Amino acid sequence: MAAITSSSFGQYSHAIVRGIPASLPAAALRIENQGEVNLENARREHAVYVETLKKLGLHVHELAADEQFPDCVFVEDAAVVVGGTALITRPGAPSRRKEVEVVKSVLEDLHLNVVEMQDESATLDGGDVLFTGKEIFVGMSKRTNQRGAEILADTFKDYAVSKIPVTDRLHLKTICGAAGPNVIVIGTGEAPQKVLKTMQQMSDYRYEKLTVPDDVAANCIYFNIPGKGNVLIHCAQEEFPESAKVFQKLKDYTLIPVPNSELAKVDGGLTCLSILINKSTEI
């Protein structure tokens, strides 16, 4: 597997997304009650997200919602894709295990090198995997365990994989993100700052740090679009005004705020809603 260079980090040709089932408001998993999800509003916000990916030039494969899987819109957890290799995960929540099947099918159709996580002792959620273009950080959370992290490292041998303890949060990327090949976005709370310190201790690289006052606002999506340069999808102004102001200080970026207030009630971030792939072949 050829390593991704800093100049190609953030370049994507395809995205996989999945619809929101009507079962989500009542049955989706959540760490704590953050209010009732308005299904109509959630679908409206999701449509904005999908349309944004299309406007950025990505070929978006839209999988239908499945009422059997209330959390299936959070498609990121089903696979980790780096370069031409896709690792099909084994989600930490047993109720989500069969979500991976349709995702695997699409990745195979794209002719990626698809690796399955078959060890039944392993768990891994894609939301716990932060790829910076240089290395991989994997959150050791309630959804991802030691064996899952080991299989991740075995799959992506070209990159150092560092295990980061995650407590009191669903996933690693609930409280951090990558805003470029050299930029880590992190929340100000105790948990994200502890995570950042561990990341700094374990990494051989030095990243610029962008600190946002709202922990969950650190979850963002970076694109390196030919002809457009740095593009960042981030939290909406109306949801996190102070964090949005921090993103606005970034120079030489096209900033795209996208609303996500409804799915955030069931611990869903912006990265959760897609699997991003750089592949020249059409879906």
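Let's begin at helix 3, whose buried residues pack against strand 1 (14-18), strand 2 (59-63), strand 3 (79-82), strand 4 (85-88), strand 5 (113-116) and strand 15 (275-277). Keep in mind that this is a predicted model.

Which residues of helix 3 are buried? In this helix, spanning residues 100-109, they are V100, V103, V106 and L107. Viewed down the axis of helix 3, these buried residues fall within an arc of 125 degrees, so they line one face of the helix. The general geometry helps here: an α-helix has 3.6 residues a turn, so residues three or four places apart point the same way. Turn to the other side of helix 3 and you will find E101 and D109, which are exposed. After the helix comes H111, with a positive phi near 60 degrees.

Now let's move along the chain to a sheet. Here 3 strands form an open sheet in the order 6-7-8, with mixed pairing. Its edge strands are strand 6 (129-131) and strand 8 (161-165), each of which pairs on one side only. On average, neighbouring strands of this sheet are turned by 25 degrees against each other, direction ignored. Look next at strand 7 (residues 136-140): it pairs with strand 8 in the parallel sense over 5 bridges. You can find V138 opposite K163 in strand 8.

Which helices lie across these strands? Helix 4 (residues 146-155) lies across strand 6, strand 7 and strand 8, and runs at about 165 degrees to strand 7. Helix 5 (residues 190-202) also lies across strand 6, strand 7 and strand 8, running at about 155 degrees to strand 8.

Conventions
Residues numbered from 1 in each chain as written. Predicted model: local features only at pLDDT ≥ 70, side-chain atom pairs only at ≥ 80, totals over all residues. Heavy atoms only, no water. Buried < 20%, exposed > 50% of the residue type's maximum accessible area, 1.4 Å probe, protein only. Helix = DSSP H or I, 4+ residues; strand = E, 2+ residues; numbered from the N terminus. Arc of directions from axis to C-beta. Contact = heavy atoms within 4.5 Å. Pairing = 2+ DSSP bridges. Axes fitted to C-alpha atoms, helices over the stretch in contact; angles between N-to-C directions.
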